[in-house]
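This report goes through the fold, the sheet and the core of the structure shown below, and then turns to its loops and to the confidence of the prediction.

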Amino acid sequence: MRAVKARDTGPERIVRRLAYAIAPGYRLHRRDIPGRPDLAYVARKRAIFVHGCFWHGHSCARGAREPRTNVTYWREKIERNRARDRAIMRRLRRTGWRVLVLWECELRAEERLKKRLARFLEAQCATRPPHGSRARSCGALLTMRR
Ligand SMILES: [Zn+2]
């Protein structure tokens with residue numbers, strides 16, 4: 001067990017701290033899960049990604065910031081990151097995982113973040129809705145927003 005630092009800074013740390021308070025059993029960066037999620041609850045099949053707004057091309061102010069040099073290079077790189085992110089999400093969902101993407105810019109609103117994490121981690125529902133079911137599935141929890 002690692003010592004708890006006096007202050008958790010950094011995007012991932014914030015999420016770990018809040019997730020730990022709700023459900024401590026996560027694993028970090030598991031190589032055997034597509035995309036090596038920042039946090040993964042293996043038995044519950046829930047994966048959490050903490051995305052940097054610039055690197056993953058978020059639609060917020062930080063994500064829209066243009067690099068000063070090598071603009072084309074960075075744009076292409078970020079586009080590749082986004083494409084890879086999408087592919088990873090698809091792969092995870094196809095194999096029954098539920099995914100929560102948290103953007104760096106969303107982490108400051110801690111109360112809100114706590115609620116989202118609690119909903120995501122505590123929601124009890126089938127991985128897939130029953131065949132032909134019109135009920136809202138847990139897919140509603142899938143955050144693919146950007
Ligand atoms: Zn953002």
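The protein chain has four helices and four strands, and along the sequence these follow the pattern α-β-β-β-α-α-β-α. The model is a predicted one, with a mean pLDDT of 84 over the protein chain and with 77% of the residues at 70 or more. Over residues 133-146, however, the pLDDT is below 50, although this stretch still has 17 contacts in the model beyond near neighbours in sequence. Where pLDDT is low, the predicted coordinates should not be read in detail.

Of the 146 residues of the protein chain, 22% count as buried. Among the contacts with a separation of 6 or more, 56% are between residues 24 or more positions apart.

The four strands form an open sheet in the order β1-β2-β3-β4, with mixed pairing. Because β1 (27-28) and β4 stand at the edges and have a single partner strand each, one side of each is left without a neighbour in the sheet. The helix α1 packs on this sheet, where α1 touches β2, β3 and β4, and the direction of α1 makes about 150 degrees with that of β3. Strands β3 and β4 run parallel and are joined by six bridges; among the bridge partners, Arg-46 is matched with Arg-98 of β4, and Ala-47 with Val-99 of β4.

How many of the six residues of β4 are buried? Six of the six are, and the strand is therefore described as mostly covered, a residue being buried if 20 or more other C-beta atoms lie within 10 Å of its own. In a regular strand the side chains alternate between the two faces of the sheet. In β4, Arg-98, Leu-100 and Leu-102 point one way, while Val-99, Val-101 and Trp-103 point the other way, and all are buried.

The largest nonpolar core has 22 residues, of which Ala-47, Ile-48, Phe-49, Val-99 and Leu-102 touch the most other members. Two or more residues of this core come from each of α1 (11-22), β2 (39-41), β3 (46-51), α3 (71-94), β4 (98-103) and α4 (110-122), and β4 gives the most, with five residues. In soluble globular proteins, nonpolar side chains tend to be buried together. Leu-102 can serve as an example, for when its neighbours within four places in sequence are left aside, Leu-102 is in contact with Val-15, Ile-48, Phe-49, Val-50, His-51 and Leu-107.

The helix α3 has 24 residues and reaches 35 Å from its first C-alpha to its last, which is close to the 34 Å expected at 1.5 Å a residue. Just after α3, Gly-96 takes a positive phi of about 85 degrees.

Positive phi values also occur at His-29 and at Arg-36, neither of which is a glycine. The table sets out these two residues.

| Residue | Phi | Location | C-beta atoms within 10 Å | Exposure |
|---|---|---|---|---|
| His-29 | near 50 degrees | loop between β1 and β2 | 12 other C-beta atoms | exposed |
| Arg-36 | about 40 degrees | loop between β1 and β2 | 14 C-beta neighbours | partly exposed |

Why does His-29 count as exposed? His-29 has 12 other C-beta atoms within 10 Å, and a residue is exposed if that count is 12 or fewer. Arg-36, with 14 C-beta neighbours inside 10 Å, counts as partly exposed.

Conventions
Residues numbered from 1 in each chain as written. Predicted model: local features only at pLDDT ≥ 70, side-chain atom pairs only at ≥ 80, totals over all residues. Core = buried A, V, L, I, M, F, W, Y, C linked by C-beta atoms within 7 Å. Contact = placed C-beta atoms within 7 Å. Pairing = 2+ DSSP bridges. Axes fitted to C-alpha atoms, helices over the stretch in contact; angles between N-to-C directions. Expected span 1.5 Å × (residues − 1). pLDDT = per-residue confidence, 0-100.
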